[in-house]
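Here is a short report on one protein model. Read it with the sequence and the 3D view side by side.

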Amino acid sequence: MKYPNLTEADSRRAKRIWTEYQKQHNIAERIGQTAGIDPESERIWFGDSALEIVQQRLAEGLTSPLFFERVGYSAYLRKGGRR
């Protein structure tokens, strides 16, 4: 199965959707969870990981591209540096 790619325009749209969602909803209980934002449907899924969200969506038959955010953090994932 071929999955569509997320474009830069999709990413910008998903970020706008996420910003609006945070203004309208209390996300304090979701800090640390992963949010998967669908820029097409504007639907947001929550889970413990991106993989969990993808599995939820596959069970629903959905394969549209997602943008992921870590709730309460400025970056989804940070690569550690050398010491």
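## The sheet

Three strands form an open sheet in the order 2-1-3, and the pairing is antiparallel. Strand 2 and strand 3 are the edge strands, each pairing on one side only. From one strand to the next, the twist averages 25 degrees. Note that this is a predicted model.

Strands of a sheet pair through backbone hydrogen bonds, in either a parallel or an antiparallel way. Here, strand 1 and strand 2 (residues 44–47) run antiparallel and are joined by four bridges. Four bridges also join strand 1 to strand 3 (residues 67–70), again antiparallel. Helix 2 (residues 50–59) lies across strand 1, strand 2 and strand 3. Its direction is at about 125 degrees to strand 2.

## Strand 1

Strand 1 covers residues 34–37, and both of its faces are covered. Thr34 and Gly36 are buried on one side. Ala35 and Ile37 are buried on the other. In a regular strand, side chains alternate between the two faces of the sheet.

Which residues stand opposite Ala35 in strand 2 and in strand 3? In strand 2 it is Phe46. In strand 3 the bridge partner of Ala35 is Glu69. Gly36 stands opposite Phe68 in strand 3.

Ile37 has a long contact list. Leaving aside neighbours within four places in sequence, Ile37 is in contact with Ala14, Ile17 and Trp18, and with Arg43 and Ile44. The list goes on with Pro65, Leu66, Phe67 and Glu69.

## The hairpin turn

Strand 1 and strand 2 form a hairpin, with six residues between them. Glu42 lies in this loop. Most residues other than glycine have a negative phi. Glu42 has a positive phi of about 65 degrees although it is not a glycine.

Is Glu42 buried or partly exposed? Glu42 is partly exposed, because its relative accessible area is 44%, and that category runs from 20% to 50%.

## The nonpolar core

In soluble globular proteins, nonpolar side chains tend to be buried together. The largest nonpolar core in this model has eleven residues. They are Ala14, Ile17, Trp18, Tyr21, Ile27, Ala35, Ile37, Ile44, Phe46, Phe67 and Val71. Helix 1, strand 1 and strand 2 are the elements that give two or more residues to this core. Helix 1 gives the largest share, with four residues.

Ala35 and Ile37 are thus members of the core, and both sit on one side of strand 1. Phe46, the residue opposite Ala35, is in the core as well.

## Aromatic pairs

How many aromatic pairs does the structure hold? There are three. In one of them, the ring centres of Trp18 and Phe46 are 6.2 Å apart and the planes are at 55 degrees, so the pair is tilted. Trp18 lies in helix 1 and Phe46 in strand 2, so this pair ties together parts that are 28 residues apart in sequence. Trp18 and Phe46 are both buried.

Tyr21 and Phe46 form another tilted pair, at 5.8 Å centre to centre and with 45 degrees between the planes. Tyr21 lies in helix 1 and Phe46 in strand 2, so the pair ties together parts 25 residues apart in sequence. Tyr21 is buried, like Phe46. Ring pairs link Trp18, Tyr21 and Phe46 into a cluster.

## Charges over rings

Phe46 also has a charged partner. The charged end of Arg30 sits over the Phe46 ring, 4.0 Å from its centre. At Trp45, the charged end of Arg57 sits over the ring, 4.5 Å from its centre.

## The loop before strand 1

Where is Glu29 placed? Glu29 is in the loop between helix 1 (8–24) and strand 1. Glu29 is exposed, because its relative accessible area is 80%, and the cut-off for exposed is over 50%.

Glu29 and Gly72 are 43 residues apart along the chain. Their C-alpha atoms are separated by 9.9 Å.

Notes. Residues are numbered from 1 along each chain as its sequence is written. This is a predicted model: local features need pLDDT of at least 70, side-chain atom pairs count only at pLDDT 80 or more; totals for chains, interfaces and linings use all residues. Side-chain values use heavy atoms; hydrogens and water are left out. Buried means under 20% relative accessible area, exposed over 50%, partly exposed in between (1.4 Å probe, protein chains only). Two strands pair if DSSP finds at least two bridges between them. Axes are lines fitted to C-alpha atoms, for helices over the stretch in contact, and angles run from 0 to 180 degrees between N-to-C directions. Contact means heavy atoms within 4.5 Å. A nonpolar core is a set of buried Ala, Val, Leu, Ile, Met, Phe, Trp, Tyr and Cys residues joined through side-chain atoms within 4.5 Å. Rings of Phe, Tyr and Trp (its six-membered ring) pair if their centres lie within 6.5 Å; planes under 30 degrees apart count as stacked, over 60 as edge-to-face and the rest as tilted. A charge sits over a ring if NZ of Lys or CZ of Arg is within 6 Å of the ring centre and within 35 degrees of the ring normal.
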